[in-house]
Amino acid sequence: EVEGNGEVEGEEEGDEGEEDLEYEEEEEEEEQAVTVIVRVRPFLGGEGEDAWGNELPPAVTVSGEKSLRVVTKADTPNEATLQCSYDHVLAEDTSQQAVFEGTPIKPSVVGVARGISTCIFAYGQTSAGKTHTMMGDTSVGAGPGGGSG
């Protein structure tokens, strides 16, 4: 039974029950946080070239651990550059292990195993890289998480 001061009746200060309560409160705060992770996917076959086979610069490049740069209408008088910031920004050559270990993905998965509800939501247009981000290299012969991804 909990008394008005938040202490559990029958337990002395410093008992394990109180520590568990504090830990659960910290977890509850984490559960409500939304974290945005952006992973730039590599070019697919033929995407990085113009009609004559010349290499094109990517429209999206990683400019820092938490930022990326978007160029629109490149090489035209209307070219514009946009700098965007997120909780985590991962380059196209980031390994699946680094995605798992270096972002809140691992704590979320561990939390699920402990019974904590979580959601990992991949959003983007067709061919934006959702499968690449979640599964890694899925080319012929490479299973989920396999390959060089």
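Select Phe 121 and Tyr 123 to begin: Phe 121 is exposed, and so is Tyr 123. Here, exposed means over 50% relative accessible area, buried means under 20%, and partly exposed lies in between, with a 1.4 Å probe and protein chains only. The model is predicted, so that local features need pLDDT of at least 70 and side-chain atom pairs count only at pLDDT 80 or more, while totals for chains, interfaces and linings use all residues. Residues are numbered from 1 along each chain as its sequence is written, and side-chain values use heavy atoms, leaving out hydrogens and water.

**The aromatic pair**

Keep these two residues on display. A search of the whole structure finds one aromatic pair. Phe 121 and Tyr 123 form this pair, which is stacked, with 6.2 Å from centre to centre and 15° between the planes. Rings of Phe, Tyr and Trp (its six-membered ring) pair if their centres lie within 6.5 Å; planes under 30 degrees apart count as stacked, over 60 as edge-to-face, and the rest as tilted.

**The chain as a whole**

Next, display the whole chain as a cartoon. The chain contains four helices and five strands, and from the N terminus on the elements run α-β-β-β-β-β-α-α-α. Helices (H or I, at least four residues) and strands (E, at least two) are DSSP runs, numbered from the N terminus. Of the 149 residues in the chain, 17% are buried.

**The sheet**

Select strands S2, S3 and S4. These three strands form an open sheet in the order S2-S3-S4, with antiparallel pairing. S2 and S4 (80–85) stand at the edges, each with a single partner strand, so one side of each has no neighbour in the sheet. Neighbouring strands of this sheet are turned by 25° against each other on average, direction ignored. For such angles, axes are lines fitted to C-alpha atoms, for helices over the stretch in contact, and angles run from 0 to 180 degrees between N-to-C directions.

Restrict the view to S2 (residues 60–64) and S3 (residues 67–72), which pair in the antiparallel sense over four bridges. Two strands pair if DSSP finds at least two bridges between them. S2 and S3 form a hairpin, with two residues between them. Which residue of S3 stands opposite Val 62? It is Leu 68. Val 60, in turn, stands opposite Val 70 in S3.

Val 70 leads on to the other edge of the sheet, since its bridge partner in S4 is Leu 82. S3 and S4 pair in the antiparallel sense over six bridges. Thr 72 stands opposite Ala 80 in S4. 

Now select Ser 85, which is placed in strand S4. At 61% relative accessibility, Ser 85 counts as exposed. Add Glu 65 and draw a distance: the C-alpha atoms of Ser 85 and Glu 65 are separated by 9.1 Å, although these residues are 20 apart along the chain.

**A loop residue**

Move to Thr 35, found in the loop between helix H1 (16–31) and strand S1 (37–39). Thr 35 counts as partly exposed, at 36% relative accessibility. Select Tyr 86 as well: Thr 35 and Tyr 86 are 51 residues apart in sequence and 8.3 Å apart in space, C-alpha to C-alpha.

**The salt bridge**

Side chains of opposite charge can pair when their charged atoms come close. The structure holds one salt bridge, a term that requires a side-chain nitrogen of Lys or Arg within 4 Å of a carboxyl oxygen of Asp or Glu. Select Glu 101 and Lys 106, which form this bridge, with the closest N and O atoms 3.3 Å apart. Glu 101 is partly exposed, with a relative accessible area of 42%, and Lys 106 is likewise partly exposed, at 32%.

**A nonpolar patch**

Finally, select Val 109, Ile 120, Met 134 and Met 135 and show the surface. These residues form a nonpolar patch with about 310 Å² of accessible area together. Patches are made of residues with over 30% relative accessible area and no salt bridge; like charges are joined within 9 Å, and nonpolar side chains (Val, Leu, Ile, Met, Phe, Trp, Tyr) within 5 Å. Accessible areas come from the Shrake-Rupley method with a 1.4 Å probe, and for residues only the protein chains shown count as cover. Met 135 lies in helix H4 (residues 130–135) and is partly exposed, at 31% relative accessibility.
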